[in-house]
Amino acid sequence: MKQLAQLFISFFKIGAFTFGGGYAMIPLIQREVIENRRWIAEKDFLDLLTVAQSAPGPLSLNTSVFVGYKMRGYAGAVAAITGAVLPSFAIILLIAMFFTDVRDNEVVDAAFKGMRPAVVALIIAPVASLMRGMTPALKVLAVIIGIALWYFAIPPVPVLIAGAAVGIAATLLITRKADKS
């Protein structure tokens with residue numbers, strides 16, 4: 001029961017202090033579950049993150065569910081996702097109640113414009129962190145794919161499917177070569 005409460009509180013803090021969506025949450029989730037709590041190894045987290053990105057739905061919620069499930073099964077998944085969603089739900093509910101009063105407020109507009117660079121930095125930080133374990137050739141490939149996705153507005157799903165197919169094929173080839181040796 002104590003670990004369920006810790007899952008809820010950890011993801012509640014992450015949900016409460018993150019602006020910018022799922023990718024902005026990743027460095028906070030990573031720091032909390034790998035470095036602070038030591039619940040999951042970095043390699044396992046990267047695997048969970050890959051699955052979370054491939055699954056339908058918001059990245060932050062998928063990651064929360066997968067981390068919670070890995071820790072405590074279905075109860076852990078519910079605790080983690082509830083913690084991650086509750087702050088946003090409460091904030092959006094409050095904003096919706098009072099939005100008409102501040103919709104045209106210049107200070108509110110300026111605050112949102114000021115947050116944009118921080119959100120971009122929060123998105124770039126986990127990408128750089130995820131690239132740590134990659135070979136230089138894979139880093140270059142990742143940058144090229146990222147630029148192509150952005151510049152040509154390529155949908156990410158076919159790229160993910162192609163990447164999974166290439167990864168499976170490479171693993172099968174390596175395994176077959178190892179078996180023949």
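Contact here means heavy atoms within 4.5 Å. The model is a predicted one, so to speak: local features need pLDDT of at least 70, side-chain atom pairs count only at pLDDT 80 or more, and totals for chains, interfaces and linings use all residues. Residues are numbered from 1 along each chain as its sequence is written, and side-chain values use heavy atoms, with hydrogens and water left out.

**Exercise 1. Threonine 63**

Find the helix that holds threonine 63, decide whether threonine 63 is buried or exposed, and list what threonine 63 touches.

*Solution.* Start with the address: threonine 63 sits in helix H4, residues 59–102. Helices (H or I, at least four residues) and strands (E, at least two) are DSSP runs, numbered from the N terminus. Next, the accessibility. Buried means under 20% relative accessible area, exposed over 50%, and partly exposed in between, using a 1.4 Å probe and protein chains only. Threonine 63 has 1% relative accessibility, so it counts as buried. Last, the neighbours: leaving out residues up to four places away in sequence, threonine 63 touches Ile26, Ile29, Phe45, Leu49 and Ala52.

**Exercise 2. H2 against H3**

Work out how H2 and H3 are oriented to each other, then list the residues that meet.

*Solution.* Two numbers get you going: two packed helices are described by the angle between their axes and the distance between the axes. Axes are lines fitted to C-alpha atoms, for helices over the stretch in contact, and angles run from 0 to 180 degrees between N-to-C directions. For H2 and H3 the angle is about 150 degrees, and the axes are 11 Å apart. Now the classes: angles under 35 degrees count as roughly parallel, over 145 as roughly antiparallel, 65 to 115 as roughly perpendicular and the rest as oblique. H2 and H3 are therefore roughly antiparallel. Their crossing is right-handed; a crossing is left-handed if the near helix is turned anticlockwise from the far one by less than a right angle, and right-handed if clockwise.

On the H2 side you'll find Tyr23, Ile26, Ile29, Gln30, Val33 and Ile34, and these meet Glu42, Phe45, Leu49 and Gln53 of H3. Sorted by type, the contact has seven nonpolar residues, two polar and one charged. For that sorting, Ala, Val, Leu, Ile, Met, Phe, Trp, Tyr, Cys and Pro count as nonpolar, Asp, Glu, Lys and Arg as charged, and the others, Gly among them, as polar.

**Exercise 3. H2 against H5**

Do the job again for H2 and H5, from angle to residue types.

*Solution.* Helix H2 (residues 22–36) packs on helix H5 (residues 106–130) at about 55 degrees, with the axes 7 Å apart. H2 and H5 are therefore oblique to each other, and the crossing is left-handed. H2 brings Tyr23, Ala24, Ile26, Pro27 and Gln30 to the contact, while H5 brings Leu122, Ile123, Pro126 and Ser129. That contact divides into seven nonpolar residues, two polar and no charged.

**Exercise 4. The aromatic rings**

Count the aromatic pairs in the whole structure and classify the pair of tyrosine 151 and phenylalanine 152.

*Solution.* Rings of Phe, Tyr and Trp (its six-membered ring) pair if their centres lie within 6.5 Å; planes under 30 degrees apart count as stacked, over 60 as edge-to-face and the rest as tilted. The search turns up four aromatic pairs. Tyrosine 151 and phenylalanine 152 are 4.9 Å apart, centre to centre, with 85 degrees between the planes, making the pair edge-to-face. Both residues are exposed. Ring pairs also join Trp150, Tyr151 and Phe152 into a cluster.

**Exercise 5. Loop residues**

Place methionine 131, arginine 38 and alanine 153 in their loops and describe each one.

*Solution.* Take methionine 131 to begin with: it lies in the loop between H5 and helix H6 (136–151). Methionine 131 is buried, at a relative accessible area of 17%, and touches Lys139, Ala142 and Val143, again not counting residues up to four places away in sequence.

Arginine 38 belongs to the loop between H2 and helix H3 (42–54). Its phi is near 55 degrees, a positive value in a residue other than glycine. At 67% relative accessibility, arginine 38 counts as exposed.

Alanine 153 is in the loop between H6 and helix H7 (156–180). Alanine 153 isn't a glycine either, yet has a positive phi of about 55 degrees. With a relative accessible area of 62%, alanine 153 is exposed.
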